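Welcome! Here are some exercises to work through at your own pace, each with a solution in steps. Have a look at the model first.

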Amino acid sequence: MTIRGPKGGILKLISEHHVRMIYRNALRVLKEVGISVKSKSLLDAFAKAGCKVSIKDQRVTIARKVVQEALEMAPKSVVMSGRDSEQDVLLEDGLVYFVLGGTPNAHFIDLDTGNFRRPTLNDMKAVTTLADYFDTISVVMTTAGGFDAPEETQHLHELATLLEYTSKPIIYPAPGADMARKALRIAAAAAGGEEEMKKRPILSLYAEPTSPLSFSEANDNMIEFAKAGAPIVCGPSPISGATAPMTMAGNATVGLAENLASLVLAQSVRPGTPFVYGPHVGVMDMKTARFCYGAPELHMGWVLQAQIAHYLGLPSFGQGGCNDAKCPDAQAGAEAAMSALLVALGGINLIHNVATTAMGDAGCLEMIVICDEILGYVLRILREIEIKEETLAFDVIKKVGPGGNFLSEGHTFNFFKKELYETKVFDRTAHETWANRGKKDAGEVARERVKEILKRHQPKPLDEKAKSKISEIL
Amino acid sequence: MLNFDMQGTERMIRKGLQAGISPVDIVKNGLTPGIEKIGDRFGRGEAYLPELMQAAQIMKAGVGLLEPMIKGSKSMNEKSATRILLGTVQGDIHDIGKNIVRIVLETAGFDVIDLGVDVSVEKFIQAVKEVRPAVIGLSALLTTTLPLMGRIIASLEHHGLRKSVKVIVGGSSVSQEYADSIKADAYGIDAVDGLSKIKTLIS
């Protein structure tokens with residue numbers, strides 16, 4: 001059974017006329033400026049797709065007609081499969097899902113000391129196990145990394161850990177053709193063979209052209225995933241004022257152009273390749289020159305991208321539930337909540353970087369638990385308000401009458417669990433009760449829950465045959 | 001310069017020349033203190049990056065205007081300035097961070113040679129032999145390209161060049177721990193930290 005997320009897409013920041021202006025601007029960039037392509041395979045693929053290719057300048061320009069043909073070939077809805085088919089998700093206009101983390105983080109906030117250190121494969125296991133446990137998380141990337149694995153095959157060891165510790169759909173980077181082929185073989189081993197992987201690809205590629213408008217051999221991975229029929233999520237990071245124009249409309253134009261070029265590439269390799277639209281609208285702090293994950297402009301940018309994806313008729317990928325704080329504090333909670341809610345209301349299908357902390361620099365176990373709570377709120381808010389005779393509740397209003405109360409009514413008993421979201425971490429007790437229980441803040445409660453869940457939750461195991469096949473490939 | 005006014009600065013340069021102030025004087029006592037002030041303000045978190053960049057553009061334009069009038073000197077501070085070699089390591093084509101470092105260092109009066117992005121170990125070694133820098137700055141954003149930093153340091157040792165240069169590393173995937181593990185001389189958290197670390201390294 002495929003899961004259908006709640007519907008977002010009710011928040012719009014610009015008119016459809018303005019969306020069309022950004023789209024036309026991106027088409028103009030592709031035609032008049034073009035993209036830089038420093039890869040022989042990509043140049044060949046773009047030529048085959050009908051683009052104008054200058055081998056000498058490593059420059060490709062793309063006509064409107066070629067883009068429009070690619071848009072027609074791309075599926076409007078995409079199923080992302082999990083190792084367990086019960087975990088499959090349907091990406092379709094406005095349906096919202098949350099994704100743990102993103103690409104591996106360079107640091108990890110130690111649960112016991114709060115200190116920043118390098119993440120290990122053990123940390124990968126922990127964050128993946130939590131992602132597997134929480135129903136609010138539908139798709140898994142990471143907030144850790146496997147820095148204790150051999151350098152050359154770090155991404156592959158990380159992928160193997162993901163496949164072992166969750167049965168949910170996985171999106172992961174695999175730069176270059178060789179790495180992509182190995183990642184696909186590892187995923188196929190976990191899926192139960194190449195054929196099974198073709199039918200239900202349990203791994204989607206996180207592909208990243210370099211902004212502005214540059215493609216390199218690292219992006220050859222898109223060719224490999226398109227050939228394999230596995231979904232491609234295209235998430236370049238144009239940063240306003242740095243790798244893109246300072247203005248939101250200019251930034252969105254660059255990300256859109258990069259995505260359209262990638263779409264053309266993917267569809268020319270194999271028409272019908274599942275392609276997910278996902279450019280960041282990056283924001284840099286102009287004093288520290290650091291890329292922000294909690295900035296309000298970023299969340300606005302994702303709402304804009306949701307509108308563009310809707311206009312293109314493509315599934316979308318964005319970001320929320322992340323923060324710039326260095327520990328699970330008030331800043332972390334506020335930024336995670338605002339981004340998750342706004343972007344969900346915008347209707348991005350896959351909202352990634354949930355629980356990513358310290359401006360994309362660190363993973364934090366407590367933040368996964370706190371984000372589960374935040375996402376619980378968000379998913380509740382997205383749920384439709386039912387208006388029908390039973391919910392209008394005239395009968396019970398009449399029965400109780402003026403001055404009575406509804407507490408012992410069957411109507412209350414029947415509906416309270418459905419109507420109300422119950423908190424798990426956030427405290428709703430009296431202050432005396434809170435004090436008697438040790439005056440714990442949300443971070444501390446989360447820390448205890450992390451330990452408790454990791455002790456108890458067993459992800460659906462990967463069979464031994466698959467495991468040994470994966471070790472062989474590694 | 002302090003108003004980030006390109007045309008205004010050019011106007012004042014011409015006025016100064018008409019008043020008989022020497023071009024060297026204008027650079028030394030006019031433009032340079034201006035950009036240093038902005039560099040300091042940026043270091044203290046009081047100025048913004050685009051302001052620093054704009055000031056660097058003004059400096060470049062001003063020096064460009066005056067240089068032809070200064071006899072026999074291609075670059076006025078070439079001889080005295082400490083030379084720094086910069087580059088993003090092979091496999092990585094991210095250059096924004098490195099470029100910010102370059103501007104901050106240039107603003108502080110260093111002679112910076114930038115090898116660009118995707119720079120191979122061999123190219124670094126060749127450049128060290130040719131330009132004899134006091135410091136090499138290595139940048140990497142991707143975790144996958146980190147190993148290249150260690151290889152460059154090993155290769156410097158192999159070629160007997162390690163003692164002649166200090167190596168500073170930076171980029172969002174680098175850490176002090178990593179810098180120590182590859183025996184780099186310093187790790188710069190950001191451009192401003194990098195500048196102060198380089199000043200310590202060469203003092």
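**Exercise 1.** How many salt bridges does the count between chain B and chain A give?

*Solution.* Before counting, note that this is a predicted model, where local features need pLDDT of at least 70, side-chain atom pairs count only at pLDDT 80 or more, and totals for chains, interfaces and linings use all residues. Residues are numbered from 1 along each chain as its sequence is written, chains are lettered from A in the order in which they are written, and side-chain values use heavy atoms, leaving out hydrogens and water.

Step 1: recall the term: a salt bridge is a side-chain nitrogen of Lys or Arg within 4 Å of a carboxyl oxygen of Asp or Glu.
Step 2: the count between chain B and chain A is one salt bridge.
Step 3: find A:Glu152 and B:Arg151, which form a salt bridge with their closest N and O atoms 3.9 Å apart.

**Exercise 2.** Describe the area buried between chain B and chain A.

*Solution.* Step 1: the size of an interface is often given as the accessible area lost when the parts come together. Buried area is exactly that loss, found with a 1.4 Å probe and summed over both parts.
Step 2: between chain B and chain A it is about 1,600 Å², and carbon and sulfur atoms give 62% of this.
Step 3: on the chain B side, B:Ile93, B:Ile96 and B:Thr143 lose the most area to chain A, together 26% of what that side buries.
Step 4: counting contacts (heavy atoms within 4.5 Å), 23 residues come from chain B and 17 residues from chain A.

**Exercise 3.** Is A:His352 buried or exposed?

*Solution.* Step 1: buried means under 20% relative accessible area, exposed over 50%, and partly exposed in between (1.4 Å probe, protein chains only).
Step 2: A:His352 has a relative accessible area of 2%, so this residue is buried.
Step 3: look around A:His352; its contacts beyond four places in sequence include A:Met141, A:His280 and A:Phe317.

**Exercise 4.** Compare the surroundings of A:Asn251 and A:Leu392 by looking up each accessible area.

*Solution.* Step 1: A:Asn251 is buried because its relative accessible area is 0%.
Step 2: among the residues that A:Asn251 touches are A:Pro238, A:His280 and A:Gly282.
Step 3: A:Leu392 is exposed, since its relative accessible area is 56%.

Methods. Buried area = accessible area lost by both parts, 1.4 Å probe.
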